[in-house]
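Open the model in your viewer and keep a selection box at hand. Each stop below says what to select and what is there.

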Amino acid sequence: MADSGPIPGLVADFVRQVDEYLSLSIRVSAILREHRPTLQELRDKQAAQSNPALVEFAGVELDKRRTRRELLQTGRRLCLELERNGRDSRGVLMLLHHCEADSGFANAAEHWPEVKIELQQIAIMAEANVLRSSGTEQSDSQPPNAPDCLVTLDQVAPLVGLSKRSLERHVRTGKLPEPSVHGGGGKAHKWYWKQIRPFLCAIATREIPEAFPGSRII
């Protein structure tokens, strides 16, 4: 697999730009619904300059178009990097297709949460690959900022609001990483909390604490 270094930065930029674009699009729609300007009013620059609502609309619309240009550029670069690293770029391509025209805003907003989670998970794994390839990733026996808690899926399930069975399925599908310490013979698999927490944040139904709420190192 190629060096995946650029992916985390591109994902961060793309997520920020799409979030901003969708927020601005919602604001534009709200202004139009509230003030209902005519097409002639929107085209009349003199009338627009004397109408505070139209002045706001013009500013927000300008920001939206600028953000859309940026996200399209970033998204195309991200697709190239994903494909270069053997990652699935279909979610990003679909979102870019919807964002290329204002008429696709609703579809973009509908699919964005799922694509966003997928990209955040890819960024986490890509960053881990960079650390591993550079030799800066620490071994499971000494995780970053050791000591750290080793946790089981039974312990994690109540924190994320999902069942143990659901978490096991996420491990099988790659949404959660492989165990740091493999079980067997009646012993449960275990994960270092600081290593699994970013993945849990992407799938959890509630806020995940920074530190595992247990005072004992397992």
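The tour goes from the whole chain to its cores, then to single residues.

**Whole chain**

Start with everything shown as a cartoon, and bear in mind that this is a predicted model. The secondary structure comes to 9 helices and 2 strands. Followed from the N terminus, the elements run α-α-α-α-α-α-β-α-α-β-α. Of the 218 residues, 36% count as buried. Among contacts with a separation of 6 or more, 69% are between residues 24 or more positions apart.

**Colour by confidence**

Now colour by pLDDT, whose mean over the protein is 78. A value of 70 or more is reached by 77% of the residues. Among the elements, α5 has the highest mean pLDDT, 90. The lowest mean, 57, belongs to helix α2, residues 39-43. Next select residues 136-147, where pLDDT stays under 50. For this stretch the model has 18 contacts beyond four places in sequence.

**The largest nonpolar core**

In soluble globular proteins, nonpolar side chains tend to be buried together. Select F14, L71, L78, V92, W112 and L119: of the 24 residues in the largest nonpolar core, these touch the most other members. The elements that give two or more residues to this core are α1 (6-35), α4 (52-84), α5 (90-99) and α6 (105-134). Which of them gives the most to the core? It is α1, with 8 residues.

Stay here and select L119 with its surroundings. Leaving aside neighbours within four places in sequence, L119 is in contact with V11, F14, L78, L82, V92 and W112.

A second, separate core holds 18 residues, including V156, W193, I196 and F199. Select those four to place this second core in the view.

**The aromatic pair**

Return to the largest core and show the rings of F14 and W112. How many aromatic pairs does the structure hold? There is 1. The ring centres of F14 and W112 are 5.9 Å apart and the planes stand at 80 degrees, so the pair is edge-to-face; the cut-off for that class is over 60 degrees. F14 lies in helix α1 and W112 in helix α6, 98 residues apart, so that the pair links distant parts of the chain. F14 is buried, at 0% relative accessibility. W112 is buried as well, with a relative accessible area of 4%.

**T74 and Q17**

Select T74, found in helix α4. Is T74 buried or exposed? Its relative accessible area is 8%, and because the limit for buried is under 20%, T74 counts as buried. The side chains of T74 and Q17 are joined by a polar contact of 2.9 Å. Beyond neighbours within four places in sequence, T74 is in contact with L10, D13, F14 and Q17. F14 is therefore a link back to the previous stop: F14 is in contact with T74 and is paired with W112.

**Cysteines**

Select C149 and C201. C149 is buried, with a relative accessible area of 9%. C201 counts as partly exposed, at 37% relative accessibility. The count of disulfides in the structure comes to 0, with sulfur atoms within 2.5 Å as the test.

**Last stop: A211**

Finally, select A211, in the segment after α9 (193-203). At 54% relative accessibility, A211 counts as exposed, because the limit for that class is over 50%. Add W193 to the selection, and draw a distance between the two C-alpha atoms: A211 and W193 are 7.9 Å apart in space and 18 residues apart in sequence. W193 is one of the residues of the second core, so the tour ends beside a residue already selected.

Terms used
Residues are numbered from 1 along each chain as its sequence is written. Side-chain values use heavy atoms; hydrogens and water are left out. A nonpolar core is a set of buried Ala, Val, Leu, Ile, Met, Phe, Trp, Tyr and Cys residues joined through side-chain atoms within 4.5 Å. Buried means under 20% relative accessible area, exposed over 50%, partly exposed in between (1.4 Å probe, protein chains only). Helices (H or I, at least four residues) and strands (E, at least two) are DSSP runs, numbered from the N terminus. Contact means heavy atoms within 4.5 Å. Rings of Phe, Tyr and Trp (its six-membered ring) pair if their centres lie within 6.5 Å; planes under 30 degrees apart count as stacked, over 60 as edge-to-face and the rest as tilted. A polar contact is a pair of N or O atoms within 3.5 Å; within protein, one must be able to donate a hydrogen and the other to accept it, and residues adjacent in sequence count only if both atoms are side-chain atoms. pLDDT is the predictor's confidence in each residue, from 0 to 100.
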